[in-house]
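Biologist: Could we go through this structure together, taking one question at a time and asking for the reasoning behind each reply?

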Amino acid sequence: MADFRNILMVVNPISGGEEKDGLITEVQLAVEQINCEFHLFKTTGKNDIKKIKEEVDQIQPERVLVVGGDGTVKIVAEALLHKDLPIAIFPGGSANGLALNLGIPEKRKQQIEVALGDHFTSLDVLQINDELCLHLSDIGLNAELIKNYEAASIRGKFGYLMQSIPTLIKSKYPYEYEVEVAGKVYHHKGIMLAIANCTKYGTGAKINPEGQHDDGKFEIIIFKNLDITEILGTLREDVKFNPDFAETIATDQAIIKCKKPIAFQIDGEFIENTQKIKVRIAKKSLKIAVK
Ligand SMILES: Nc1ncnc2c1ncn2[C@@H]1O[C@H](COP(=O)(O)OP(=O)(O)OP(=O)(O)O)[C@@H](O)[C@H]1O
């Protein structure tokens with residue numbers, strides 16, 4: 001176990017709709033048992049990046065524990081950018097895609113062991129326009145679904161399910177994408193274009209079988225149609241896409257243009273309707289505790 005003096009725990013109190021006091025108490029006990037000072041910061045949804053930066057500057061922790069979903073991990077990552085400070089993830093959102101990709105255990109005791117342990121991975125991060133992306137971003141139908149989910153009042157997985165049929169009915173797909181990679185321009189029509197740093201969504205759907213979070217590359221995957229058999233196939237571990245369904249381009253930077261503004265999401269948060277996206281990778285920028 002690593003040697004700590006201060007640990008900061010950042011908790012999103014509303015993520016995943018679950019109560020987190022039990023987890024906080026358990027982690028606090030484990031931290032105090034190793035004679036380390038425990039500091040707690042609860043996000044408010046307003047200016048959290050700035051406030052976490054201030055907490056970190058004041059406390060000078062050796063590790064930051066994050067309790068929340070992908071959106072919360074992203075907030076913490078933005079606050080810690082360019083600092084060599086490892087984080088640990090306690091999956092606590094309705095979508096925990098990054099934790100799933102990194103194999104963070106499901107049992108609390110093991111999560112605490114990992115969080116206070118000394119095994120790490122170095123995650124590449126993507127810069128997409130002015131935003132950071134740790135995991136997965138997409139332009140098209142899935143982002144449209146997230147936009148509708150965020151505008152509705154029902155949270156959690158059921159909330160997504162409730163929005164899926166109206167999204168399918170209202171969306172104006174196929175969308176037209178122009179992808180510029182290494183001086184080459186590709187034109188595609190499809191239901192969605194994913195920008196993937198990892199392999200899976202938080203639902204377990206494996207949309208980027210070739211992806212690795214630390215290889216200095218990301219994948220652009222264009223999904224051409226709503227083939228339900230292929231979509232269900234992404235739930236298998238050994239996914240192989242039919243080229244009529246999906247096409248993949250691996251790169252370290254790209255420019256994506258759309259004919260009309262299309263819904264665009266990063267790590268499960270709707271960003272805006274957009275027509276142009278610039279993506280580049282920053283290699284191994286975030287140190288995360290893993291098994
Ligand atoms: N106290 C708070 N009240 C309201 N929103 C908050 C609060 N703290 C953080 N947030 C917001 O929560 C979002 C991140 O949630 P996260 O993705 O981690 O969990 P989630 O359960 O997956 O979320 P969602 O159900 O919205 O997908 C960010 O938009 C952040 O600004």
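The exchange below turns to confidence, a helix, a strand, a glycine and the domains.

Biologist: What average pLDDT does the protein chain have?
Modeller: This is a predicted model, and it scores ipTM 0.96 and pTM 0.91. Of the residues in the protein chain, 98% score at least 70, and the average pLDDT is 93.

Biologist: How far apart are the end C-alpha atoms of helix 2?
Modeller: Helix 2 covers residues 48-59, and its 12 residues, at 1.5 Å a residue, should span 16 Å. Just after helix 2, Q60 takes a positive phi of about 55°. The expected span agrees with the model, where the end C-alpha atoms of helix 2 are separated by 16 Å.

Biologist: Is strand 3 buried or exposed on its two faces?
Modeller: Strand 3 runs over residues 63-68, and 6 of its 6 residues are buried. On one side lie R63, L65 and V67, and on the other V64, V66 and G68. Since each of these residues is buried, both faces of strand 3 are covered, and the answer for the two faces is buried.

Biologist: Which residue in strand 4 is the bridge partner of V67?
Modeller: Strand 3 pairs in the parallel sense with strand 1 (residues 6-11) over 5 bridges, and there L8 stands opposite V64. Strand 3 also pairs in the parallel sense with strand 4 (residues 87-91), over 5 bridges, and together with helix 3 (residues 70-80) these two strands make a right-handed β-α-β unit. Within strand 4, the bridge partner of V67 is F90.

Biologist: Why does G92 count as buried?
Modeller: G92 lies in the loop between strand 4 and helix 4, and its contacts beyond four places in sequence include N12, S15, V67 and G68. E18 is another of these contacts, although it is 74 residues away along the chain, with 7.6 Å between the two C-alpha atoms. A residue is buried if 20 or more other C-beta atoms lie within 10 Å of its own; G92 counts as buried because its C-beta neighbours inside 10 Å number 21.

Biologist: Which element gives the largest share of the side of domain 1 that touches domain 2?
Modeller: The protein chain is divided into domain 1 (6-118) and domain 2 (131-283), whose C-alpha centres lie 27 Å apart. The contact takes 15 residues from domain 1 and 17 residues from domain 2. On the side of domain 1, the elements giving two or more residues are helix 3 and helix 4, and the largest share, 6 residues, comes from helix 3.

Methods:
Residues numbered from 1 in each chain as written. Predicted model: local features only at pLDDT ≥ 70, side-chain atom pairs only at ≥ 80, totals over all residues. Helix = DSSP H or I, 4+ residues; strand = E, 2+ residues; numbered from the N terminus. Expected span 1.5 Å × (residues − 1). Buried ≥ 20, exposed ≤ 12 C-beta atoms within 10 Å, placed from the backbone. Pairing = 2+ DSSP bridges. Right-handed = clockwise from strand over helix to strand, strands pointing away. Contact = placed C-beta atoms within 7 Å. pLDDT = per-residue confidence, 0-100. Domains from an automatic or database assignment.
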